[in-house]
Amino acid sequence: QVQLVESGGGLVQPGGSLRLSCAASGSIVSIYSMGWYRRAPGKQRELVAVIIRGGTTDYSDSVKGRFTISRDDAKNTVYLQMNSLKPEDTAVYYCKLVTGGIIRVDYWGQGTQVTVSS
């Protein structure tokens with residue numbers, strides 16, 4: 001069993017910052033990647049950022065230059081630093097972990113709400 005718990009969401013004004021955390025726990029043997037997805041009202045789920053074993057990162061074009069993904073392997077935790085937030089960043093943000101075994105398995109957190117509004 002693997003559990004993912006997101007935290008750090010909330011209400012912030014445009015131009016503000018938030019830092020999301022996703023802590024993984026349970027029977028974790030190896031991790032292939034951890035990343036962040038989001039679903040905004042009326043929109044499809046989209047990849048925000050991902051960090052792969054070895055440190056390779058990738059970002060959605062809409063957040064490049066504003067968001068930074070990082071990880072703490074010792075804590076099995078991934079972070080998303082979000083700066084210069086815009087109203088269109090409003091969404092539920094979900095953490096995903098992909099195991100690094102022979103059979104790769106996806107695990108999802110329950111999500112944390114980020115609202116960017118005045």
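Trainee: Which side chains along strand 11 (residues 112-116) are buried, and which are not?
Mentor: This is a predicted model, by the way. In strand 11 the side chains alternate. Thr-112, Val-114 and Val-116 point to one face and are buried. Gln-113 and Thr-115 point to the other face and are not buried.

Trainee: OK, and which sense does strand 2 pair with strand 11 in?
Mentor: Parallel, over three bridges, with strand 2 covering residues 10-12. Val-12 stands opposite Val-116 there, and Val-116 is one of those buried side chains in strand 11.

Trainee: What about strand 9 and strand 11, parallel or antiparallel?
Mentor: Antiparallel, again with three bridges. Here Val-92 stands opposite Gln-113, and Gln-113 is one of the strand 11 side chains that are not buried.

Trainee: Switching topic: how many disulfides does the structure hold?
Mentor: Just one. Cys-22 and Cys-95 form it, with their sulfur atoms 2.1 Å apart.

Trainee: Remind me what a disulfide is?
Mentor: A covalent bond joining the sulfur atoms of two cysteines.

Trainee: Where do Cys-22 and Cys-95 lie, and what does the pair tie together?
Mentor: Cys-22 lies in strand 3 (residues 18-26) and Cys-95 in strand 9 (residues 91-99), so the pair ties together parts that are 73 residues apart in sequence. Strand 9 is the one we just saw pairing with strand 11.

Trainee: Is the link of Cys-22 and Cys-95 left-handed or right-handed?
Mentor: Left-handed, with -85° about the S-S bond.

Trainee: Last one: are Cys-22 and Cys-95 buried or exposed?
Mentor: Cys-22 is buried, and Cys-95 is too.

Terms used
Residues are numbered from 1 along each chain as its sequence is written. This is a predicted model: local features need pLDDT of at least 70, side-chain atom pairs count only at pLDDT 80 or more; totals for chains, interfaces and linings use all residues. Side-chain values use heavy atoms; hydrogens and water are left out. A disulfide is a pair of cysteine sulfur atoms within 2.5 Å. Helices (H or I, at least four residues) and strands (E, at least two) are DSSP runs, numbered from the N terminus. Buried means under 20% relative accessible area, exposed over 50%, partly exposed in between (1.4 Å probe, protein chains only). Two strands pair if DSSP finds at least two bridges between them.
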